[in-house]
Each structure stands twice: as structure tokens, then as C-alpha cells.
Amino acid sequence: MNTATLKPSFTLPQFLKGPANPSFDISPRTRAVVAAAAVGMSLAVLFALFRGLTGIAPSHPNAREWAIVLHVSTVLPAIPLGGYLLLAPKGTKWHKQLGKVWVALMVTTAISACFIKWGGGLDFHIGPIHLFVPMTLWASYKLIATARRGDMKGHKKEILSLYLGALMIPGIVSMALPGRLMNVWLFW
């Protein structure tokens with residue numbers, strides 16, 4: 001018996017390998033980062049929501065503010081959907097349709113953030129995390145413009161900056177800052 005045939009070989013799952021044309025898609029390393037970010041953030045948010053909505057976590061006054069509810073309800077599906085779009089096959093009709101939904105979610109998330117006061121509540125008071133609002137709006141515009149021009153290299157750059165920079169970083173910040181809704185629901 002040949003021992004080489006008995007050894008299991010480790011290979012990356014197909015969604016981490018990507019398609020045969022790497023110029024159209026992200027690298028395996030970036031795929032792993034996106035997959036880890038999408039799964040990790042999705043699980044953290046679902047856990048926080050479960051704790052908050054079941055009453056396990058303390059109640060938070062901002063959970064009833066319309067801008068915060070809109071913001072959270074548009075960002076929640078944007079996390080796994082954006083990860084899926086980055087990992088799934090590109091250029092298909094399904095990718096394009098879901099991409100439009102994702103951009104609409106991101107723009108709505110950014111605009112609703114304008115009505116959330118730094119530290120909670122409603123107002124037009126701007127804090128450091130609001131720097132992501134113009135970044136999100138500009139990257140959303142660039143994302144659409146590069147796709148329409150057929151500039152897939154630029155499109156890839158914009159989607160990665162929007163997903164990792166404007167979605168993951170503020171998400172981590174909102175979970176890390178004491179007193180914010182997601183922080184309270186996740187850790188307290």
C-alpha cells in the first residue's frame with residue numbers, strides 16, 4: 001500500500017481560493033481576512049442583539065431612538081452581505097443585484113449616522129466616528145462609478161476599502177467604546 005495515498009492533504013475551501021482569474025477577484029489572503037471579518041463581526045452582532053432583545057443585557061436608552069434603530073437595522077445585513085459579495089463569484093447578475101442592495105444599505109447606514117449624536121441620542125452633534133460618513137458616501141459613489149466604467153481593479157479597491165474601512169472599523173469601535181449600544185449589549 002502506498003502511504004502517499006493515505007495522507008490527507010490540506011486544501012483551502014473553494015470560497016477562500018477564489019476563481020481562476022485573480023485579476024477579477026481578491027487574493028486568497030484577502031479572502032481569508034474578509035471571511036474572518038464577516039463571520040466574526042456577524043457573530044458578535046448577533047450575540048449582542050440576542051442579549052439586548054431578550055433582556056439578558058441591560059436596557060439601553062438609545063435602543064428606541066429612530067436613527068439608531070435605522071442605523072443598526074441597515075448595518076446588520078450589510079455585514080454578512082458584503083462579505084458574501086466579496087467571496088462569491090463576481091460579475092454575475094446575482095452579484096450585481098445584491099451589490100446594489102448592499103450599497104443602498106451602506107448609504108442608508110451612513111446617512112442615518114448623521115442623526116446619531118456622539119455618545120448616543122439624537123442630534124447633529126458630530127464626533128470622531130462620524131468621519132466614516134463622508135468616507136462611506138464617497139466610496140459608495142466610487143464603487144458604482146468604477147463598476148460602470150468596467151474598471152474592476154478600481155472597483156475591487158473601493159469595495160475593500162468600504163467593507164473593511166467603513167464597515168468593520170466603525171463596527172469594532174462601536175463595540176469597544178463603553179456606553180455605546182453594541183458595547184453594552186455585547187459585554188454587560
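Asp 151 is partly exposed, because its relative accessibility is 30%, and exposed would require over 50%. This value comes from a predicted model. The side chain of Asp 151 meets that of Arg 149 in a salt bridge, at 3.8 Å from N to O. Arg 149 is exposed, with 57% relative accessibility.

Side chains of opposite charge can pair when their charged atoms come close. The search of the whole structure finds two salt bridges. Lys 157 and Glu 158 form a salt bridge too, with 3.8 Å between N and O. Its two partners sit in contrasting surroundings. Lys 157 is exposed, at 57% relative accessibility. Glu 158 has a relative accessible area of 9%. That makes Glu 158 buried, because buried means under 20%.

Now step back to the whole chain. The protein has seven helices and zero strands. Read along the sequence, the pattern is α-α-α-α-α-α-α. The protein has 188 residues, and 43% of them count as buried.

Take helix H2 next. Helix H2 covers residues 28–54. How far should its 27 residues span, and how far apart are its end C-alpha atoms? At 1.5 Å a residue, the expected span is 39 Å. The end C-alpha atoms are 38 Å apart, which agrees. After H2 comes Gly 55. The phi of Gly 55 is positive, near 85 degrees.

H2 also holds Leu 46. Leu 46 is exposed, because its relative accessible area is 54% and the cut-off for exposed is over 50%. Together with Val 39 and Leu 43, Leu 46 makes a nonpolar surface patch. The patch has an area of about 310 Å².

Helix H3 runs through residues 66–87. H3 has 22 residues. From its first C-alpha to its last, H3 reaches 32 Å, close to the 32 Å expected at 1.5 Å a residue. Where does H3 bend? The bend is at Ile 79, and it is about 30 degrees. A proline, Pro 80, follows within four residues.

Several C-alpha distances link H3 with later parts of the chain. Start with Val 72, which lies in helix H3. Val 72 is buried, with a relative accessible area of 16%. Val 72 and Thr 109 are 37 residues apart along the chain, yet their C-alpha atoms are separated by 7.6 Å.

Helix H4 covers residues 93–113. Ile 111 is found in H4. At 42% relative accessibility, Ile 111 is partly exposed. Ala 67 is 44 residues from Ile 111 along the chain. In space, their C-alpha atoms are separated by 9.2 Å. Val 101 also has its place in helix H4. Val 101 is partly exposed, with a relative accessible area of 43%. Leu 81 is 20 residues from Val 101 in sequence. C-alpha to C-alpha, Val 101 and Leu 81 are 9.0 Å apart.

Aromatic rings come next. How many aromatic pairs does a search of the whole structure find? It finds three. One of them joins Trp 66 and Phe 115. Their ring centres are 5.5 Å apart, and the planes meet at 45 degrees, so the pair is tilted. Trp 66 lies in helix H3, while Phe 115 lies in the loop between helix H4 and helix H5. The pair therefore ties together parts that are 49 residues apart in sequence. Phe 115 is partly exposed, with a relative accessible area of 27%.

Trp 138 and Tyr 141 form another tilted aromatic pair. Here the centres are 5.4 Å apart, with 35 degrees between the planes. Why are Trp 138 and Tyr 141 separated by about one helical turn? Because they are three residues apart in helix H5. Helix H5 covers residues 132–149. Trp 138 is exposed, at 55% relative accessibility.

Methods:
Residues are numbered from 1 along each chain as its sequence is written. This is a predicted model: local features need pLDDT of at least 70, side-chain atom pairs count only at pLDDT 80 or more; totals for chains, interfaces and linings use all residues. Side-chain values use heavy atoms; hydrogens and water are left out. Patches are made of residues with over 30% relative accessible area and no salt bridge: like charges are joined within 9 Å, nonpolar side chains (Val, Leu, Ile, Met, Phe, Trp, Tyr) within 5 Å. Accessible areas come from the Shrake-Rupley method with a 1.4 Å probe; for residues, only the protein chains shown count as cover. A salt bridge is a side-chain nitrogen of Lys or Arg within 4 Å of a carboxyl oxygen of Asp or Glu. Helices (H or I, at least four residues) and strands (E, at least two) are DSSP runs, numbered from the N terminus. Buried means under 20% relative accessible area, exposed over 50%, partly exposed in between (1.4 Å probe, protein chains only). Rings of Phe, Tyr and Trp (its six-membered ring) pair if their centres lie within 6.5 Å; planes under 30 degrees apart count as stacked, over 60 as edge-to-face and the rest as tilted. The expected span of a helix is 1.5 Å times one less than its number of residues. The bend at a residue is the angle between axes fitted to the seven residues ending there and the seven starting there.
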